[in-house]
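Please look over the sequence and the structure shown below before reading on. The report then takes up a few topics in turn, each under a short heading.

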Amino acid sequence: MMCNAMNHNTVFRTARSSRSPRLCAFALAHLALLLPLGVSADTYGDYTYTVSDGGATITKYNGSGGAVAIPSTFGSHPVTAIGNYAFSEHTLITSVTIPDSVTNICDWAFLLCSSLATVTIGNSVTNIGGYAFAECPSLTAMTIPNSVSDIGTHAFAECPSLTAVTIGNSVTNIGGYAFADCPSLTNILFTGDAPALGYSAFHNNNPATFYYLPGIGDWPSWFGGRPTVCWNPAFSSASSASGAFAVTLTGNPSAALPVRIEASDSLSSPSWLPLSGTTTIPAGGTLNFTDPDASPPPARFYRITFPR
């Protein structure tokens, strides 16, 4: 894995006043991305890459965009890192799937990808670099896997369509301004203990509420300047009427809970499909839900998820 280090002093002198990667353009333009001596670039399909310690680092995506599924190997080399600026400013990428072979998403990797709406991060990534997904205006939701321990400064800053984030249980540090200026970000679920927060990590996200799972850590009632709520929805009853399956959900007695209901016809090879968009269990109340499929299969399984 190879990432060129961010020049934090240069970036932060500009970012303190603006917090905008776009306004850091002058500084970024003068950060040389030089390959170490003895390292040469190769190509594999749509990708330019280098190899270090047997692992491939993507240095440039050369494809046409659309739905991009990054390969887990380039020939005999596992893809272990997405390098600085590797996908940045590609305006036609709509979705990205990052394989489990990748351990590091480097600084500015997907900066200013204007059409990027969906990102699936593999279960081996441990670090998401600074500005990695900053200013991606089409990005709507993000799930940070349990393998990630560190989310860099400004990593998801200025993503105006971002509404929901699930943060994995191994995240111990969220950098300064990591989710700043995401005005639509209302739902954030932490699945582990409260991490260390950098300065203004959630700046200017006034509607945001932090949710946490029951029995995980010792969460205060306020964290990072935001209220915290135990996210504990549950099925309380089920019934079948006129061939339609209906369930009743209960939640937190003192706060409303955002939920999404999904169904699968099998648990051996589940394919979970959403039956609803984001809906809300009212504080201290119940939510009645009826499967919209008037003729469901003989067996169907349901689950409650956090919005994503």
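What follows deals with the confidence of the model, its pockets and its salt bridges.

## Confidence in the model

The structure is a predicted model, and the mean pLDDT of the protein is 88, with 86% of its residues reaching 70 or more. There are stretches that fall well outside that description: over residues 7-19 the pLDDT stays under 50, and over residues 23-35 the pLDDT is below 50 as well.

Both stretches nevertheless make contacts in the model, and these should be read with the pLDDT values in mind. Residues 7-19 have 23 contacts beyond four places in sequence, while residues 23-35 have 21 contacts beyond near neighbours in sequence.

## The largest pocket

The largest pocket has a volume of about 310 Å³. It is lined by 14 residues, of which Val 119, Thr 120, Ile 121, Met 142 and Thr 143 are the closest to its centre. Two strands, S9 (118-120) and S11 (141-144), each supply at least two residues of this lining.

When the lining residues of the largest pocket are sorted by class, six are nonpolar, six are polar and two are charged.

## The second largest pocket

The second largest pocket holds about 220 Å³ of space. Its lining draws on separate places along the sequence, including Asn 123, Thr 143, Thr 166, Thr 191 and Phe 306. Strand S11, which also supplies residues to the lining of the largest pocket, gives at least two residues to the lining of the second largest pocket, and so does strand S26 (301-305).

Thr 143 is thus a residue to look for twice, as it is among those closest to the centre of the largest pocket and also lines the second largest pocket. By class, the lining of the second largest pocket divides into four nonpolar residues, seven polar residues and one charged residue. Arg 308 belongs to this lining, and it appears again in the next section as a partner in a salt bridge.

## Salt bridges

Side chains of opposite charge can pair when their charged atoms come close. The structure holds five salt bridges, and one of them joins the side chains of Arg 260 and Glu 262, with 2.6 Å from N to O. Both partners are buried, because a residue counts as buried under 20% relative accessible area, and the value is 15% for Arg 260 and 1% for Glu 262. Glu 262 also forms a salt bridge with Arg 308, in which the closest N and O atoms are 2.8 Å apart. This pair links distant parts of the chain, since Glu 262 lies in strand S22 (residues 257-264) and Arg 308 in the segment after S26, 46 residues apart. Unlike the buried Glu 262, Arg 308 is partly exposed, at 45% relative accessibility. Arg 260, Glu 262, Arg 303 and Arg 308 are linked in a network of salt bridges.

Another salt bridge is formed by Arg 300 and Asp 265, whose closest N and O atoms are 3.1 Å apart. Arg 300 lies in the loop between strand S25 (286-290) and S26, and Asp 265 lies in the loop between S22 and strand S23 (273-274), so the pair ties together parts that are 35 residues apart in sequence. Both residues count as partly exposed, with a relative accessibility of 21% for Arg 300 and 42% for Asp 265.

How values were computed
Residues are numbered from 1 along each chain as its sequence is written. This is a predicted model: local features need pLDDT of at least 70, side-chain atom pairs count only at pLDDT 80 or more; totals for chains, interfaces and linings use all residues. Side-chain values use heavy atoms; hydrogens and water are left out. On a 1 Å grid over the protein atoms alone, a cavity is a set of points where a 1.4 Å probe fits but cannot get out, and a pocket is an open set with protein on both sides within 12 Å along at least five of seven lines; lining residues have an atom within 4 Å of a point. Grid points are joined across faces, edges and corners, and a volume is the space filled by probe spheres set on the points. Helices (H or I, at least four residues) and strands (E, at least two) are DSSP runs, numbered from the N terminus. Ala, Val, Leu, Ile, Met, Phe, Trp, Tyr, Cys and Pro count as nonpolar, Asp, Glu, Lys and Arg as charged, and the others, Gly among them, as polar. pLDDT is the predictor's confidence in each residue, from 0 to 100. Contact means heavy atoms within 4.5 Å. A salt bridge is a side-chain nitrogen of Lys or Arg within 4 Å of a carboxyl oxygen of Asp or Glu. Buried means under 20% relative accessible area, exposed over 50%, partly exposed in between (1.4 Å probe, protein chains only).
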